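These entries record what I looked up in the structure shown below. I begin with a criterion and then turn to the domains and the ligand.

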Amino acid sequence: MTTTQVVNPATEQVVTTLELVGADETDAAIERAQRAAVGWREIAPGDRARLLRRFAEAVDANLEQLAQLEVVNAGHTIGNARWEAGNVRDVLHFAAGIPERLLGNQIPVAGGVDITFHEPLGVVGVIVPWNFPMPIAAWGFGPALAAGNTVVLKPAELTPLTAVRLGELALQAGLPEGVFQVLPGKGSVVGQRFVTHPAVRKVVFTGSTEVGKEIMAGCARQVKRVTLELGGKSANIVFADADLERAAATAPYGVFDNAGQDCCARSRILVQRSVFDRFLELLEPAVRGVRVGDPADEATEMGPLISASHRARVASFIEPSTKVAFTGSQPDGPGFWYPPTVVLPDAPSDRLLTEEVFGPVVAVVAFEDEADAIRIANGTEYGLSGSIWTNDVGRALRVSRGVEAGNLSVNSHSSVRYWTPFGGFKQSGLGRELGPDAALAFTETKNVFIAT
Ligand code: TAP
């Protein structure tokens, strides 16, 4: 059996060694899930709801343990990790409201009655990246289970610990065996088997756009359903009429949260030319003030990057010719640290403006007017999130409608609420998670006509 060493990215110490699931065990788990699906879809809606509520309560009762695991495994700050475990609980409570509300239609027809049903798909495979191991897992398994599917879940190899614990909590809460299984393993083995095994009827993939395209192509062979949550290069657009002090004070947190390893990171700041210099003056102390350090310390605002190789990838974006405006701090000693870094690219083609760095690096550029801001914001293959800072409500709405992205916030940097839809335009993804319709992505609509 292959094993993997789980490393604490803040200390570089090995936390534990975990056995990885291979191809045969993946097949066995998928077959268990297929058998369990028969019973799970037949459970009375109220009982399925009750089991999901119990699962949510088990997560809540173990919230601190889950959060501490994420601090150690992913280097997330303890504040963020608590929010993430709480998000799993909330997604499950929200999902628990679904079984009794999965309403079909009754459509007027001649000669009979026409009704629709939202049927579960069967087995759903969820593939999770390392950047937000808990919430991203729950956004898939919560609504999928609620809609009557069984779930096999593959955490990222680097960050399996919280997912494994969630699998245990599901069983403790009373979910039947085989309904929710966590399979730590390699993407090329376990993840690929989700794509190729015919009993897996849908794959929910969150990760890089590159791997997402492969998953989509693989799923096409079986016309397998797919939801993709991929990369981003989101714009934080600051107009001259905005509250500049607040825009500058909050901009670091819109990009450096989770050390920039966030698909929604506002990694391009677009500033109206008339206030460009003033904005940079205000941004500098805000960036230098970001508290980078031990993620277990309650006061810490930014932890390390996930691994040495990821740090090397982030660092490779800063070339000798890169104009670095200023940087924040980073601790000495072991750990995969990288300081908050603000760069001023010269050309629109600079890869710091076009590629996802997935680290604490932000590029600041000037724009002339509203049309120019929208043009620059949309000048990327991605379209996940973004922010618009202005005190003109008409402009806020015009620009919100103009920017090609799935999740925008005005005068704030919020992207995610479990009861509002989340997902990307263009190459940032396909389909939506969360929100009122989350469960429908895990069903097929069936139309039945009954002659009277
Ligand atoms: P990836 O390398 O794409 O990995 C994501 C997951 O896919 C991991 O579990 C990985 O397994 C698995 N995987 C890799 N190759 C596979 C294959 N051929 N078949 C099936 N599964 C495979 O991404 P990452 O570097 O971990 O995560 C960072 C990326 O995720 C960024 O681009 C980021 O923007 C994106 N992301 C997007 C969102 C949303 S919501 N849009 C949210 C978070 C992250 P291993 O662990 O074994 O490699």
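Entry 1, criterion and salt bridge. I count a salt bridge where a side-chain nitrogen of Lys or Arg lies within 4 Å of a carboxyl oxygen of Asp or Glu. The model I am reading is predicted. I looked up R82 and E298, and their closest N and O atoms are 3.2 Å apart. Because the cut-off is 4 Å, I record R82 and E298 as a salt bridge.

Entry 2, division. I noted how the protein is divided: domain 1 covers 3-230 + 428-451, and domain 2 covers 235-416. I then took the centres of the two domains over C-alpha atoms and found 31 Å between domain 1 and domain 2. For the contact I listed 27 residues from domain 1 and 28 residues from domain 2.

Entry 3, buried area. How much area is buried between domain 1 and domain 2? I read about 2,200 Å², with 61% of this area given by carbon and sulfur atoms. On the domain 1 side I singled out P9, W130 and S428, which supply 24% of the area that domain 1 buries against domain 2, more than any other three residues.

Entry 4, polar terms across the interface. I searched the interface of domain 1 and domain 2 for salt bridges, and the rule finds 1. For polar contact the rule finds 10 residue pairs across this interface.

Entry 5, the side of domain 1 that touches domain 2. I asked which helices supply at least two residues each. I entered helix 3 (63-74) and helix 4 (78-96). Helix 4 gives the most to this side, with 4 residues. Sorting the side by class, I obtained 13 nonpolar, 10 polar and 4 charged residues.

Entry 6, ligand. I found 29 residues around the ligand, and V128, E157, S208, L230 and E356 come nearest. A polar backbone atom of V128 is 2.7 Å from an oxygen atom of the ligand. For L230 I noted a backbone N or O atom 2.7 Å from a nitrogen atom of the ligand. I also looked up Q192, where an N or O atom in the side chain is 3.0 Å from a nitrogen atom of the ligand.

Conventions: Residues are numbered from 1 along each chain as its sequence is written. This is a predicted model: local features need pLDDT of at least 70, side-chain atom pairs count only at pLDDT 80 or more; totals for chains, interfaces and linings use all residues. Side-chain values use heavy atoms; hydrogens and water are left out. Domain bounds come from an automatic or database domain assignment. Contact means heavy atoms within 4.5 Å. Buried area is the accessible area (1.4 Å probe) that two parts lose on being put together, summed over both. A polar contact is a pair of N or O atoms within 3.5 Å; within protein, one must be able to donate a hydrogen and the other to accept it, and residues adjacent in sequence count only if both atoms are side-chain atoms. Ala, Val, Leu, Ile, Met, Phe, Trp, Tyr, Cys and Pro count as nonpolar, Asp, Glu, Lys and Arg as charged, and the others, Gly among them, as polar. A residue is near a molecule or strand if one of its heavy atoms lies within 4 Å of it.
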